Amino acid sequence: SMSTPSQPSHAVSSGELPIIEACLDLIRWFVPLLQRLPRQHKFGLGDRLVGHLYHLLEQLVQARFARAKLPILEPLKGQIVVIQLQIRLLHQFQLIDLPRYEHASRLITAIAKQHSGWLSQQQRQAIA
């Protein structure tokens, strides 16, 4: 990682920044592809998916800095499922080929795993 010695080690608690990086990776890879969709899909599924990806990124960053993280993190579970389903639809509408579908699926699944880890860590802290 790129952390410099001058940064206090407590600035980043585990499992937070990697999920933001993973979300950025998905956006960087996916958005240019979605911009090239045929017109009837670009302004429907494409735009909605791009909107959901940016919303996910914004909420992850909000949670990163919020004292009360759970109210931000909990609704993201449903958001992530919507993104997974929309990616599946892209493939079922034959707008992305199988390798791209599999790549996007792996990326969003990695985000889902990290999110659920972060969520359960926060839930344990809330109980403690």
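This report describes the fold, the confidence and some selected residues of one protein chain.

**Overall architecture**

The structure is a predicted model. Its secondary structure consists of four helices and zero strands, and the order of elements from the N terminus is α-α-α-α. The chain has 128 residues, of which 37% count as buried. Its accessible surface comes to about 7900 Å², and carbon and sulfur atoms contribute 57% of that area. Among the contacts with a separation of 6 or more, 75% join residues that are 24 or more positions apart.

**Confidence**

The mean pLDDT of the chain is 89, and 88% of the residues reach 70 or more. Over residues 3-15, however, the pLDDT is below 50. Beyond near neighbours in sequence, that stretch has six contacts in the model. Confidence is lowest in helix 1 (residues 17-35), with a mean of 93, and highest in helix 3 (residues 70-92), with a mean of 97.

**Helix 2**

Helix 2 covers residues 39-65, which makes 27 residues. At 1.5 Å a residue, a span of 39 Å is expected, and the C-alpha atoms at the two ends are 38 Å apart, so the two values agree. The helix also bends by about 35° at Gly46.

**Salt bridges**

Side chains of opposite charge can pair when their charged atoms come close. In this model the count comes to two salt bridges, which are set out below.

| Acidic residue | Basic residue | Closest N and O atoms |
|---|---|---|
| Asp25 | Arg28 | 2.7 Å |
| Asp97 | Arg100 | 3.3 Å |

Asp25 and Arg28 are three residues apart in helix 1, so about one helical turn separates them. An α-helix has 3.6 residues a turn, so residues three or four places apart point the same way. Asp25 has a relative accessible area of 37% and is therefore partly exposed. In the other pair, Asp97 is partly exposed at 36% relative accessibility, and Arg100 is partly exposed at 37%.

**The loop between helix 3 and helix 4**

Gln94 is found in the loop between helix 3 and helix 4. Most residues other than glycine have a negative phi. Gln94 is not a glycine, yet its phi is positive, at about 60°. The relative accessible area of Gln94 is 71%, so this residue counts as exposed.

**Two residues of helix 4**

Helix 4 comprises residues 98-127, and Arg106 is found in it. With a relative accessible area of 54%, Arg106 lies over the 50% cut-off and is therefore exposed. Arg106 and Gln84 are 22 residues apart along the chain, and their C-alpha atoms are separated by 9.9 Å.

His115 also lies in helix 4. Its relative accessibility is 2%, which is under the 20% cut-off, so His115 counts as buried. Leaving aside neighbours within four places in sequence, His115 is in contact with Ile19, Leu73, Leu76, Lys77 and Ile80. Ile19 falls within the range of helix 1, residues 17-35. Leu73, Leu76, Lys77 and Ile80 fall within the range of helix 3, residues 70-92. Helix 4 thus holds both a buried residue, His115, and an exposed one, Arg106.

Notes
Residues numbered from 1 in each chain as written. Predicted model: local features only at pLDDT ≥ 70, side-chain atom pairs only at ≥ 80, totals over all residues. Heavy atoms only, no water. Buried < 20%, exposed > 50% of the residue type's maximum accessible area, 1.4 Å probe, protein only. Contact = heavy atoms within 4.5 Å. Areas by Shrake-Rupley, 256 points an atom, 1.4 Å probe, with all protein chains shown as cover. Expected span 1.5 Å × (residues − 1). Bend = angle between axes of the 7 residues up to and from the residue. pLDDT = per-residue confidence, 0-100. Salt bridge = Lys/Arg side-chain N within 4 Å of Asp/Glu carboxyl O.
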